[in-house]
Amino acid sequence: MVETITPVVHGGSRERWGISLALHAIGAAVAAAIVGSLLAGAGALLGAPWGVPGAVLVVVAAALYVARELGAPVPVPQLRRQVPDWWRTFFTPNLAAFLYGLGLGPGFLTYLGHGTIVVVSVAAFASGRPLLGAAVLAPFGLARGLGPVLAFGVRSPSDAAALVERLDRSASKARWRVANALALSMVLVATVLEIRTIDAPSEVGALAGAVLALTFGAAAVAKLARRAAWWRTLGSYGLRSGASWLVGFGVPAVELGIAATVLVGLASSAGLLSIVALVAFSGAIVVGRVQAGRRLECGCFGGSGTRDYRLLLARNLALAGVAFVAWRAGEDAPLVRALGEPAGADLLPVALVVLGLALAVWLGAVAFAGEGRRNGG
């Protein structure tokens, strides 16, 4: 976006560039706030806050991504997709800037170099408070949206290209990893100190069910969003066409089913279903090890990278441990939540969610309409 939203694109006018920059930042902040509200709302549906176990979840997430900044191979969930380039030629500069802000604000839909936003998202999810979720994620969207302010001194397309190149080099420098590691360490320490003040029942079974819902739900959505990568991964296992088709559609369906089982209030059953599914997935890994060697394609979250089969089995074992806790400590009860009508502080997150849905529908409509016109439809 730094190369797209520059004074050059606006004919050298700093005023018109400033308007586009403001719209871009507003779109990014609003989109991030909506995501924060949705995450916290999902947490509330799954029983958040969960007392001390919920705080421990945040501590574990922070520790994992501190380790990542120090070199550990911890993945960052992201779709790794660019926002549509044709928007800037089809729409006016102001509208394109706003749309790009909406696309970049959530973070996970494009590219992420660090895991800081992941930890904050986990905290929003564990809070179960949509207003708090919006408040903690909105600054991340705003920061991303203000990125093009660095283009203030750009005078030509070559200046813009040089700026992007400098930013790319700077992003890989160690000081940014150190800064993110320090920020995450502060979150970790603050959460550990907060644990001592929590005076609420520990809902470890409900939390385990929520982790299953989030993990399997995200895995299924990633597979469906990146179908080509998922099907390439299946092809590496040498499945026959019929079996490949069955697994290709069956695995996301099972994962969505587990997430839905938790959402309807059957955390214990979801834990048992997860154990059965993980045994089947682990069996496929063992078969793949025999046929293809130690390193296997991993399509767990829609990706296509290779992993050592032992790492894949260890991940499944860890998730099976969570599933066992959900099975034994969770409850099977119909989902009855006395949420009542939104009032007071709840009105803002509800409005954000409604706004987000409206923006998503509108964005999809203009995108499809523009694509059809661009292709001569």
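This is a short walk through some helices and two nonpolar cores of one structure. Keep in mind that the model is predicted.

Let's start with helix α1. It covers residues 14–45, which is 32 residues. From first C-alpha to last, α1 reaches 46 Å. At 1.5 Å a residue, the expected value is 46 Å, so the two are close. Look just past the end of α1. There, glycine 47 takes a positive phi of about 105 degrees.

Next, a helix pair. Take α5, residues 116–127, and α6, residues 130–145. Their axes come within 8 Å. They cross at roughly 170 degrees. Angles over 145 degrees count as roughly antiparallel, so that is what α5 is to α6. Who makes the contact? From α5, we have Thr116, Ile117, Val120, Ser121, Ala124 and Ser127. From α6, we have Leu132, Gly133, Val136, Leu137 and Phe140. Sort these contact residues by type, and you get seven nonpolar, four polar and no charged.

Now the largest nonpolar core. It has 34 residues. Which of them touch the most other members? They are Leu46, Trp50, Tyr65, Val118, Val119, Leu212 and Phe216. Several elements give two or more residues to this core: α2, α5, α9, α11, α12 and α13.

Let's zoom in on leucine 212. Set aside its neighbours within four places in sequence. Leucine 212 is then in contact with Gly217, Ala270, Gly271, Ser274, Leu319, Val322, Ala323 and Ala326. Apart from this core lies another one, of 10 residues. Among its members are Ala31, Val83, Trp87 and Phe91.

On to helix α12, residues 267–292. It has 26 residues and reaches 36 Å from first C-alpha to last. That is close to the 38 Å expected at 1.5 Å a residue. Which residues of α12 are buried? The list is Ala267, Ser268, Ala270, Gly271, Ser274, Ala277, Leu278, Ser282, Ile285 and Gly288. Three of those names came up a moment ago: Ala270, Gly271 and Ser274 are also contacts of leucine 212.

One more from that list: serine 282, in helix α12. Why does serine 282 count as buried? Its relative accessibility is 18%, and buried means under 20%. Leave out residues up to four places away in sequence, and serine 282 touches Leu313 and Asn316.

Last stop, just after α12. Glycine 293 takes a positive phi of about 105 degrees there. Glycine 47, just after α1, also has a positive phi of about 105 degrees.

Definitions and conventions:
Residues numbered from 1 in each chain as written. Predicted model: local features only at pLDDT ≥ 70, side-chain atom pairs only at ≥ 80, totals over all residues. Heavy atoms only, no water. Axes fitted to C-alpha atoms, helices over the stretch in contact; angles between N-to-C directions. Helix = DSSP H or I, 4+ residues; strand = E, 2+ residues; numbered from the N terminus. Parallel < 35°, antiparallel > 145°, perpendicular 65-115°, else oblique. Contact = heavy atoms within 4.5 Å. Nonpolar A, V, L, I, M, F, W, Y, C, P; charged D, E, K, R; others polar. Core = buried A, V, L, I, M, F, W, Y, C linked by side-chain atoms within 4.5 Å. Buried < 20%, exposed > 50% of the residue type's maximum accessible area, 1.4 Å probe, protein only.
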